[in-house]
Amino acid sequence: MLVQLSQAFNSTIDLDSLLPRMLDRTLSATDSEAGSIWIVEGDHLVCTHVAGAAATALRGMQHPLDEGVLAEALRTGSTIVTGNALTHESFNAYRENGSGFRTRSAVTIPLIIGQPLGAIQLVNDVGGKDEFSAEDIARL
């Protein structure tokens, strides 16, 4: 699986084709229910690629670079696991978008190459558990 992921990521430098592939492969590798990729544009993050029930509401959404779990992941350069996203304020957009989608748990991974480029966020591990495991995090 890791070889296939590496081949997919190294097959192109065109972000329009690479980012959707990256999202699909990481969702598959972790058995996640949904996910999104957020790219830094000026002083905010933009949701450029999204998969799952809340996709329509999230695509194109802008998020400030100075607040929430996305900003924290970029600022610290660390992966952040949110065990109970139903009560975490950073996931209000998932609750309030009218899709009925419920974010139970999440993992936010910064995308940094010299400088912060964005973040990938996966939600609801459906691999038989409610939270992302240490093994999921190590894979990511």
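The paragraphs below walk through a predicted model, starting with its sheet and moving on to a helix and the nonpolar cores.

The sheet is a good place to begin. Six strands, in the order E3-E2-E1-E6-E5-E4, form an open sheet whose pairing is antiparallel. Strand E3, covering residues 62–64, and strand E4, covering residues 80–82, stand at the edges with a single partner strand each, so one side of each is left without a neighbour in the sheet. From one strand to the next, the twist averages 25 degrees. At the E3 end of this order, strand E2, made of residues 44–51, is joined to E3 by 3 bridges, the two strands running antiparallel, and here Val 46 stands opposite Gln 62 of E3.

Against this sheet packs helix H4, residues 68–76, which touches strand E1 (32–41), E2, E3, E4, strand E5 (106–113) and strand E6 (115–125), and whose direction makes about 40 degrees with that of E5. Within H4 the buried residues are Val 69, Leu 70, Ala 71, Ala 73 and Leu 74, and these buried residues pack against E1, E2, E3, E4, E5 and E6. After H4 comes Gly 77, a residue with a positive phi, near 70 degrees.

Strand E1 also deserves a look at the level of a single residue. Ser 36 lies in this strand, and because its relative accessible area is 0%, where buried means under 20%, Ser 36 counts as buried. Its polar side chain has a partner there, since the side chain of Ser 36 makes a polar contact with the side chain of Trp 38 at 2.8 Å.

The nonpolar cores come last. The largest of them has 12 residues in all, namely Leu 19, Met 22, Leu 23, Leu 27, Ile 37, Ile 39, Val 107, Ile 109, Leu 111, Ile 120, Leu 122 and Phe 132. At least two residues of this core come from each of helix H2 (15–30), E1, E5 and E6, and H2 gives the most, with 4 residues. One member of the core, Ile 109, touches Thr 79, Gly 118, Ala 119, Ile 120 and Leu 140, if residues up to four places away in sequence are not counted. A second core, separate from the largest, has 10 residues, among them Trp 38, Ala 54, Leu 58 and Ala 119. Trp 38 therefore appears in two settings, as a member of this second core and as the polar contact partner of buried Ser 36.

Note on methods. Residues are numbered from 1 along each chain as its sequence is written. This is a predicted model: local features need pLDDT of at least 70, side-chain atom pairs count only at pLDDT 80 or more; totals for chains, interfaces and linings use all residues. Side-chain values use heavy atoms; hydrogens and water are left out. Two strands pair if DSSP finds at least two bridges between them. Axes are lines fitted to C-alpha atoms, for helices over the stretch in contact, and angles run from 0 to 180 degrees between N-to-C directions. Contact means heavy atoms within 4.5 Å. Buried means under 20% relative accessible area, exposed over 50%, partly exposed in between (1.4 Å probe, protein chains only). A polar contact is a pair of N or O atoms within 3.5 Å; within protein, one must be able to donate a hydrogen and the other to accept it, and residues adjacent in sequence count only if both atoms are side-chain atoms. A nonpolar core is a set of buried Ala, Val, Leu, Ile, Met, Phe, Trp, Tyr and Cys residues joined through side-chain atoms within 4.5 Å.
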